[in-house]
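Ready for a few exercises? Have a look at what comes next, then work through each task before you read its solution.

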Amino acid sequence: MKISKRAQDVPPSATIAVTVRAQQLKAQGVDVIGFGAGEPDFDTPDYIKDAAVVALKAGRTKYTAAAGIIELRTAIAAKLEKENGLKYTPEQIIVNMGGKHSVYEAMQAVLDPGDEVILPTPYWVTYPEAIKLAGAVPKIVQTDKKNSYKITPSQLKDAVTRKTAMLLLNSPNNPGGFTYTPQELEDIARVLEGTNVYVLSDEIYEKLIYGDTKFVSFASLSEDAYNRTLTLNGFSKAFSMTGWRLGYTAGPLDVIKAMGRLQSHMTSNPVTFAQYAAIAALGPPAGEAIEKMRKEFEQRGKYMTERLNSIDGVDCTESTGAFYCFPDVSGHYGRTINNVEINGSIDFAKALLEQANVALVPGLPFGCDNNVRLSFACSLEQITKGLDRLEKWLSQ
Ligand code: PMP
């Protein structure tokens, strides 16, 4: 039977081969150290789980408004105003089934075939596929290590054409934890003034920032920025709620309404009792619960970055957010290690897994074949053990 052209064109995840092989090795009893995790290694805080149980027992088990209950949209509006300096009405907010769904639905709502979306490297693997599924074209802009892997105003200016419909910004970012400074964002905002370009600002890692890094929401920079921005956020990362599938989008009323129409036919509402738990998540215990995780990530990230930079031929730009390091390992490309030639990030990841039992993610699917991604969403003990192995493997 036939498979649609659309589905045929979606490639299987390029990272899956390493993950599957790591699982096979583990099943054979091999002690594999995994740096592949894309989610916090902490459990969802109890105060959130308790709220879900209360909601379930109170019979919050039926359909709600497709865009989410008004109480949650109101709580998100209050959060965005208090923490991000953004004034949105609850009607300008839609609750989606995870941030991934927010990305997909926002693109379906505003992009037409042939539109271009400016996508700076390194990018989260889902973005190019979501762009293509909307019929649009990813216009990939290769960023430079010397600019800490961030798009510059002049690169942006060069990339904008009559067909540009959107700029994708993700700060702090996956896969490198790279975070734009408020000044850098202001410079980007200025380039876009006078254009019809939307900004999709994926702020899902806003709470996980380190050192003296400052987070600022793109839409808060100016009225012009506010009017062109779709602010995307969710509960997965800050609240360690990846399995609950809760994300949200805030933006111009007509865009959010369009997303609501799509959502009403695609999925209907996010899980009802999870929405009640999300209201609780945003409540007073949030500060302490998030800070506990953030501190732990900060310590691990600092350690991982220092260790990586102490290895010959490995160059890790500081991770200022999220829970990833994205070192350049191309200093080792062209080498042969234990009879295996290393000519790119996929070779690197495969050989490291087979020979030293460390699983990490190749940079190629993120648009940077010189790099690999290591998550520090695992214990300091695991990080130490894994980096010892990596160092020893590379020193052969
Ligand atoms: N944006 C980025 C940059 C991410 O890394 C992720 C998770 N990998 C998401 C959005 C979506 O997360 P979720 O669908 O769990 O909310």
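**Exercise 1. Cis peptide bonds**

In which loop is P172 found?

Solution. Keep in mind that this is a predicted model. Start at strand 5 (164–170) and follow the chain towards helix 8 (182–192): P172 is in the loop between these two. Now check the bond leading into P172. The peptide bond from S171 to P172 is cis, and its omega is near -10°.

Next, try the bond from T121 to P122. That peptide bond is cis too, with omega near -10°. As for its place in the chain, P122 belongs to the loop between strand 3 (116–120) and helix 6 (126–133).

**Exercise 2. A positive phi**

Find Y149 and work out where it is and what its phi is near.

Solution. First the place: Y149 is in the loop that runs between strand 4 (137–141) and helix 7 (153–159). Then the angle: phi of Y149 is near 60°, which is a positive value in a residue other than glycine.

**Exercise 3. Two helices side by side**

Are helix 2 and helix 13 roughly parallel or roughly antiparallel?

Solution. Step one is to get the geometry. Helix 2 (residues 16–27) packs with helix 13 (residues 345–356) at an angle of about 5°, and their axes are 11 Å apart. Step two is to compare that with the cut-off: angles under 35 degrees count as roughly parallel. So helix 2 is roughly parallel to helix 13.

Step three is to see who touches whom. Helix 2 brings V18, R21, A22 and L25 to the contact, while helix 13 brings A349, L353 and E354. Sorted by class, this contact has 5 nonpolar residues, 2 charged ones and no polar ones.

**Exercise 4. Around the ligand**

Describe the ligand's surroundings, beginning with the residues that come nearest.

Solution. There are 13 residues around the ligand, and G99, D202, S236, K237 and R245 come nearest. By class, the shell divides into 4 nonpolar, 5 polar and 4 charged residues.

Now zoom in on atom pairs. A polar side-chain atom of R245 is 2.7 Å from a ligand oxygen atom, and one of K237 is 3.0 Å from a ligand nitrogen atom. With K100 it's a backbone N or O atom that lies 2.9 Å from an oxygen atom of the ligand. To finish, look at the cover: on its own the ligand has 400 Å² of accessible area, and the protein covers 92% of that.

Notes: Residues are numbered from 1 along each chain as its sequence is written. This is a predicted model: local features need pLDDT of at least 70, side-chain atom pairs count only at pLDDT 80 or more; totals for chains, interfaces and linings use all residues. Side-chain values use heavy atoms; hydrogens and water are left out. A residue is near a molecule or strand if one of its heavy atoms lies within 4 Å of it. A polar contact is a pair of N or O atoms within 3.5 Å; within protein, one must be able to donate a hydrogen and the other to accept it, and residues adjacent in sequence count only if both atoms are side-chain atoms. Accessible areas come from the Shrake-Rupley method with a 1.4 Å probe; for residues, only the protein chains shown count as cover. Ala, Val, Leu, Ile, Met, Phe, Trp, Tyr, Cys and Pro count as nonpolar, Asp, Glu, Lys and Arg as charged, and the others, Gly among them, as polar. Axes are lines fitted to C-alpha atoms, for helices over the stretch in contact, and angles run from 0 to 180 degrees between N-to-C directions. Helices (H or I, at least four residues) and strands (E, at least two) are DSSP runs, numbered from the N terminus. Angles under 35 degrees count as roughly parallel, over 145 as roughly antiparallel, 65 to 115 as roughly perpendicular and the rest as oblique. Contact means heavy atoms within 4.5 Å.
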